[in-house]
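The following exercises are to be worked with the sequence and the coordinates at hand. Each task is followed by a solution in steps.

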Amino acid sequence: MKEKMIISSALIALSVFCLGWFIKAGIDDFASKDRKVSVKGLSEQEVPADKVTWPIVSKEVGNDLPGLYDRIAATQSKIKAFLLKGGVKEDEISLNAPQVVDLTAREYDSGNKAYRYIVTSVLTVTSKNVDVVRKLIAKQGDLLKEGVAITGDSYDNQVQYEFVAFKEMKPKMMQEAIENAQTTAEQFAKNSHSKLNKIVTADQGQFSIENRDEYTPWIKKVRVVTTVTYSLKN
């Protein structure tokens, strides 16, 4: 009988101990769920543009519409020859239909214009050979020697530089951004006398591609910022 009482007491004591341990573990686990740190990770690179779009605008003015079309055609031929000689490929050149403005058709026309028609032609170069096109842009003054005047960039016809190989960089940049976030989180955990635990949440990152500055639009700045939340433990 005495033996049974001892065993029963031991079992009760063990049960109380286990119950207390489970309660403590549950409290600790509940408390640790609120111990989190959210950090931002950054990855940034400068890359050269790999695509350029160059709209080349020329205008002719006069009163004889058929004659203007002939002049526009001659201008387009000279521009195309200049491009091909400079290394641009035939399939990288496209030509839009000329746009004609009849000044006398405007309601507010005063009728004392020196000419009636304005014909605008846009020849567009779209190429991945950015360096070749940039050299031609710098040398476009050579067209003046052939009597071709190119209209300056307007808002609708500016040279555009793009970086289209962006998808190939995304995985590596995301990895760098997450590693950067982890480094920051580890420092925070160290300062708070804790240890970094598992990732609780992480976003896919916000990517942006911008010109490095207004003077070098052919150099792009690719940037990704990701937010990662880690749990902390003692």
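**Exercise 1. Place valine 61 and classify its exposure.**

Solution. The model is a predicted one. Step one is the location: valine 61 is found in strand S2. Step two is accessibility: the relative accessible area of valine 61 is 35%. A residue counts as buried under 20% and as exposed over 50%, so valine 61 is partly exposed. Step three is the surroundings. Leaving aside neighbours within four places in sequence, valine 61 is in contact with Leu68, Arg71, Tyr115, Tyr117 and Ile118. The C-alpha atom of valine 61 is separated by 8.9 Å from that of threonine 120, which lies 59 residues apart along the chain.

**Exercise 2. Carry out the same kind of analysis for alanine 73.**

Solution. Alanine 73 belongs to helix H2. With a relative accessible area of 37%, alanine 73 is partly exposed. Serine 121 is 48 residues apart from alanine 73 along the chain, and the C-alpha atoms of the two are separated by 9.1 Å.

**Exercise 3. Describe the fold and state where the prediction deserves confidence.**

Solution. Begin with the count: the protein chain has 4 helices and 9 strands. Along the sequence these follow the pattern α-β-β-α-β-β-β-α-β-α-β-β-β. Of the 234 residues in the protein chain, 29% are buried. Next, consider contacts between residues at least 6 apart in sequence: 79% of them join residues at least 24 apart.

Then turn to confidence. The average pLDDT of the protein chain is 83, and 81% of the residues score at least 70. The lowest confidence is in helix H1 (residues 2-33), with a mean of 49, while the highest, 95, is in strand S6 (residues 160-162). Over residues 16-27 pLDDT stays under 50, and the model has 0 contacts beyond four places in sequence for this stretch.

**Exercise 4. Identify the nonpolar cores and the elements that build the largest.**

Solution. The largest nonpolar core comprises 18 residues, and those with the most contacts inside it are Trp54, Ile56, Ile79, Leu83, Leu123 and Val125. Assigning core residues to elements shows that strand S2 (51-62), helix H2 (65-85), strand S5 (117-127) and helix H3 (130-138) each supply at least two. The largest share, 4 residues, comes from H3.

Leucine 123 serves as an example. Beyond its neighbours within four places in sequence, leucine 123 is in contact with Trp54, Pro55, Ile56, Gln76, Ile79, Leu83, Ile93, Ser94 and Leu95. A second, separate core has 9 residues, including Val47, Met169, Met173 and Val222.

**Exercise 5. Which residues line the largest pocket, and how do they divide into nonpolar, polar and charged?**

Solution. The lining consists of Lys78, Ala81, Phe82, Lys85, Gly86, Val132, Lys135, Leu136, Lys139, Asp142 and Glu146. By class, the lining residues are 4 nonpolar, 1 polar and 6 charged. H2 and H3 each supply at least two of them, and the largest share, 4 residues, comes from H2. The space in the largest pocket is about 200 Å³.

**Exercise 6. Trace the environment of valine 37 and leucine 196.**

Solution. Valine 37 is found in strand S1 (residues 36-48), whereas leucine 196 is in strand S7. The relative accessible area of valine 37 is 7%, and therefore valine 37 is buried. Setting aside neighbours within four places in sequence, the contacts of valine 37 are Ala185, Phe188, Leu196, Val228, Thr229, Tyr230 and Leu232. The C-alpha atoms of valine 37 and threonine 229 are separated by 5.5 Å, although the two are 192 residues apart along the chain.

On the same basis, leucine 196 is in contact with Val37, Gln182, Ala185, Glu186, Ala189, Tyr230, Ser231, Leu232 and Lys233. Leucine 196 and serine 231 are 35 residues apart along the chain, and their C-alpha atoms are separated by 6.5 Å.

**Exercise 7. Is histidine 193 buried or exposed, and what is its phi?**

Solution. Histidine 193 lies in the loop between helix H4 (166-191) and strand S7 (195-202). Its relative accessibility is 73%, so histidine 193 counts as exposed. The phi of histidine 193 is positive, at about 60 degrees, although this residue is not a glycine.

How values were computed: Residues numbered from 1 in each chain as written. Predicted model: local features only at pLDDT ≥ 70, side-chain atom pairs only at ≥ 80, totals over all residues. Heavy atoms only, no water. pLDDT = per-residue confidence, 0-100. Contact = heavy atoms within 4.5 Å. Core = buried A, V, L, I, M, F, W, Y, C linked by side-chain atoms within 4.5 Å. Buried < 20%, exposed > 50% of the residue type's maximum accessible area, 1.4 Å probe, protein only. 1 Å grid on protein atoms, 1.4 Å probe; cavity = no way out; pocket = protein on both sides within 12 Å on 5 of 7 lines; lining within 4 Å. Points joined across faces, edges and corners; volume = space filled by probe spheres on them. Nonpolar A, V, L, I, M, F, W, Y, C, P; charged D, E, K, R; others polar.
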